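The exercises below ask you to read a structure step by step. Please look at the sequence and the model first, and try each task before you turn to its solution.

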Amino acid sequence: DSFIAYHSLFATERHMVEGMAISSLGGNQFQVSSTGHFSLGNQSLNVLGDDSCIKPDVIALPDDSFVVSWTRLDRSGVNPARVEMCRVVLRDSQGALLPNAQVIAPQPGVGYVIDADFNATDSGGMIDLMDLEDGTVAGVYAHQTSRVIDPISGDTWREYDLRLVRVDWTVDPSDPNFAAAPVALMSGIPFDNPGGHAPLGGQVLP
């Protein structure tokens with residue numbers, strides 16, 4: 001089985017995160033259907049304000065389910081960005097293919113919040129997921145700690161923390177231990193742009 005996650009253009013500079021399940025039927029045969037296509041991060045719900053859901057990552061877990069995570073940000077800059085996560089299950093505990101893939105999330109189009117307060121700005125977060133092979137997942141992403149724009153030259157000076165958050169899918173998402181508080185793996189990472197170059201903060205990748 002496979003699961004593909006991507007962000008798509010919803011409107012000008014506004015994106016939503018979608019996903020598609022591709023089920024293995026054996027014998028090099030695969031199945032896709034409309035019931036296997038999901039809106040995972042729906043920006044039109046306006047959870048934060050002027051939402052945009054971007055830059056997802058997806059990994060497979062040992063039980064053949066999938067975890068998807070992405071950034072939801074407020075384009076107006078009024079509210080901090082947040083990292084959301086959901087789980088996609090294609091098979092039952094015996095390994096049989098379910099009639100319809102299931103998305104485990106608090107509501108359609110919104111994932112569980114695993115970091116409720118981070119500064120995405122130019123980087124967009126860009127989470128990178130890792131399976132820790134014990135039912136838990138770690139995610140690493142860029143958190144902007146400062147940005148200064150020189151009013152004369154237009155040069156932009158930024159610094160980032162590389163944050164890590166650990167999520168335990170062996171417990172119910174309502175459990176306080178489901179998502180650990182984010183920690184900084186490294187701080188003070190510079191990414192600067194002279195005024196003649198585009199603001200490529202999105203190149204700050206874990």
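**Exercise 1. Decide whether Met-126 is buried, partly exposed or exposed, then find its place and its contacts.**

Solution. Met-126 has a relative accessible area of 25%, so it counts as partly exposed, given that buried means under 20% relative accessible area, exposed means over 50%, and partly exposed lies in between (1.4 Å probe, protein chains only). Before going further, note that this is a predicted model, in which local features need pLDDT of at least 70 and side-chain atom pairs count only at pLDDT 80 or more, while totals for chains, interfaces and linings use all residues. Residues are numbered from 1 along each chain as its sequence is written, and side-chain values use heavy atoms, with hydrogens and water left out.

Next, locate the residue: Met-126 lies in the loop between β9 and β10, where strands (E, at least two residues) are DSSP runs numbered from the N terminus. If neighbours within four places in sequence are left aside, Met-126 is in contact (heavy atoms within 4.5 Å) with Lys-55, Thr-71, Val-140, Tyr-141, Leu-205 and Pro-206. Finally, the C-alpha atoms of Met-126 and Ile-149 are separated by 23 Å, and these two residues are 23 residues apart along the chain.

**Exercise 2. Describe the surroundings of Glu-84, and say which side chain its own side chain meets in a polar contact.**

Solution. Begin with the position, since Glu-84 is found in strand β7, which covers residues 81-91. Its relative accessibility is 0%, and therefore Glu-84 counts as buried. The side chain of Glu-84 makes a polar contact with that of Arg-82 at 2.8 Å; such a contact is a pair of N or O atoms within 3.5 Å, where, within protein, one must be able to donate a hydrogen and the other to accept it, and residues adjacent in sequence count only if both atoms are side-chain atoms. Beyond the neighbours within four places in sequence, the residues in contact with Glu-84 include Trp-70, Arg-72 and Tyr-112.

**Exercise 3. Find out how many disulfides the structure has, and explain why Cys-53 forms no bond with Cys-86.**

Solution. A search of the whole structure finds zero disulfides, a disulfide being a pair of cysteine sulfur atoms within 2.5 Å. The closest cysteine sulfur to that of Cys-53 is the one in Cys-86, and because it is 11 Å away, it is too far for a bond. As for accessibility, Cys-53 is buried with a relative accessible area of 0%, and Cys-86 is buried with 1%.

**Exercise 4. Trace the salt bridges of Asp-50, Arg-147 and Arg-166, and say which parts of the chain each one links.**

Solution. The structure holds twelve salt bridges, each defined as a side-chain nitrogen of Lys or Arg within 4 Å of a carboxyl oxygen of Asp or Glu.

- Asp-50 forms a salt bridge with Arg-14, and their closest N and O atoms are 2.8 Å apart. This pair links distant parts of the chain, with Asp-50 in the loop between β4 (37-41) and β5 (51-60) and Arg-14 in strand β2, 36 residues apart.
- Arg-147 and Asp-122 meet through their side chains in a salt bridge of 3.0 Å, N to O. Here too distant parts are linked, because Arg-147 is in strand β11 (residues 136-149) and Asp-122 is in the loop between β9 and β10, 25 residues apart.- Arg-166 forms a salt bridge with Asp-134, with the closest N and O atoms 3.7 Å apart. Arg-166 lies in strand β12 (residues 156-168) and Asp-134 in the loop between β10 and β11, so the pair ties together parts that are 32 residues apart in sequence.

As a last step, look at the wider linkage: Glu-13, Arg-14, Asp-50 and Arg-75 are linked in a network of salt bridges.

**Exercise 5. State the phi values of Glu-13 and Thr-121, and locate both residues.**

Solution. As background, most residues other than glycine have a negative phi. Glu-13 has a positive phi near 60° and is not a glycine, and it is found in the loop between β1 (2-11) and β2 (14-26). Its relative accessible area of 53% makes Glu-13 exposed. Thr-121, also not a glycine, has a positive phi of about 35°, and it lies in the loop between β9 (112-118) and β10 (128-131). With a relative accessible area of 35%, Thr-121 is partly exposed.

Technical notes: Helices (H or I, at least four residues) and strands (E, at least two) are DSSP runs, numbered from the N terminus.
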